[in-house]
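Ready for some practice at reading a protein structure? Grab a pencil, open the viewer and work through the exercises below one by one.

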Amino acid sequence: GPLAETNEFWSESVLETQNISADPLPSYVHWNFKVLFSASNNQYIPAGVYNRIVVKNGFIKNLTGDVRVFGSVELAGAVIALNEHNLTLFSLSDFTPSSFPYSSFNMIRTNQTGKLRKVVFDHSSWYPQFFPVGFISYNPVTLNMSGPFITDTFSVKVTNTIDPPPYNPNQVINAMWTISEDNAGGTNASITVRYNEGQFSSGFN
């Protein structure tokens, strides 16, 4: 039933919170809840282990600590800002399709040092791994594995500055993708990144 004093609504294994305080979840939330962060305002997502996370109603949903998800993350018209924290999805978890297309208003924002991470087990390496990330613009990454198929963790972040600075700044895309794996050299993969027309310099070809 409704918990008006805390602005939370729950039913069985689903909890919706519009609480915009720094600690928006009650202490009884178990990891297997589906938690909906739905405030029409900026909101906080506390550190912890979740089954499913849904963000909606616009604005920024800010991580306040490292978050691990074993089920799914649904971006339903809001941005999750990682800040200096990591968002980790495990092998069978992924991003749930919604009626909202991915965009700069509906993505994972790698705005500081935090990274979007995916733990990929050997049996799931055949499937493309999608990272709907961006800094200001939406610049997603897709990894297609080609073996050897081992358990590995991939981390992705994107910024709108290039470090070190390029030799000719008029011939670059003004974005830098940082992609790494915990088991360095353990997996072969092709990488597809997306950039937008307004992100490349005047001499880029």
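Let's start with a definition: a residue is buried when its relative accessible area is under 20%, exposed when that area is over 50%, and partly exposed in between. Keep in mind that you're looking at a predicted model.

**Exercise 1.** Sort Phe-70, Phe-90 and Gly-198 into buried, partly exposed or exposed.

*Solution.*
- Step 1: Phe-70 has a relative accessible area of 37%, so we call this residue partly exposed.
- Step 2: Phe-90 comes in at 18%, and therefore counts as buried.
- Step 3: Gly-198 reaches 75%, so this one is exposed.

**Exercise 2.** Work out how the rings of Phe-70 and Phe-90 are arranged, and where the two residues sit in the chain.

*Solution.*
- Step 1: Two rings make a pair if their centres lie within 6.5 Å, and planes under 30 degrees apart count as stacked. By this rule, there are four aromatic pairs.
- Step 2: For Phe-70 and Phe-90, the centres are 4.2 Å apart and the planes differ by 10 degrees, which is a stacked pair.
- Step 3: Now find them in the chain. Phe-70 belongs to strand β8, while Phe-90 is in the loop between β10 and β11. With their positions 20 residues apart, the pair links distant parts of the chain.

**Exercise 3.** Do the same for Tyr-102 and Phe-130, then look for a third partner.

*Solution.*
- Step 1: The ring centres are 5.4 Å apart and the planes meet at 55 degrees, so this pair is tilted.
- Step 2: Tyr-102 sits in the loop between β11 and β12, and Phe-130 in strand β14, 28 residues apart.
- Step 3: Check the accessibility too. Tyr-102 has 27%, so it's partly exposed; Phe-130 has 24%, so it's partly exposed as well.
- Step 4: Add Tyr-138, and you've got one aromatic cluster with Tyr-102 and Phe-130.

**Exercise 4.** In what order do the strands of the open three-stranded sheet come, and which ones stand at the edges?

*Solution.*
- Step 1: The order is β14-β16-β19, and the pairing is antiparallel.
- Step 2: β14 and β19 each have a single partner strand, so they're the edges, with one side lacking a neighbour in the sheet.
- Step 3: On average, neighbouring strands here are turned by 20 degrees against each other, ignoring direction.
- Step 4: Zoom in on β16 and β19: six bridges join them. Met-145 has Ala-189 in β19 as its bridge partner.

**Exercise 5.** Find where Gly-198 lies, and how far its C-alpha is from that of Asn-174.

*Solution.*
- Step 1: Gly-198 is in the segment after β19.
- Step 2: Asn-174 is 24 residues away in sequence, and the C-alpha atoms are 9.0 Å apart in space.

Note on methods
Residues are numbered from 1 along each chain as its sequence is written. This is a predicted model: local features need pLDDT of at least 70, side-chain atom pairs count only at pLDDT 80 or more; totals for chains, interfaces and linings use all residues. Side-chain values use heavy atoms; hydrogens and water are left out. Helices (H or I, at least four residues) and strands (E, at least two) are DSSP runs, numbered from the N terminus. Buried means under 20% relative accessible area, exposed over 50%, partly exposed in between (1.4 Å probe, protein chains only). Rings of Phe, Tyr and Trp (its six-membered ring) pair if their centres lie within 6.5 Å; planes under 30 degrees apart count as stacked, over 60 as edge-to-face and the rest as tilted. Two strands pair if DSSP finds at least two bridges between them. Axes are lines fitted to C-alpha atoms, for helices over the stretch in contact, and angles run from 0 to 180 degrees between N-to-C directions.
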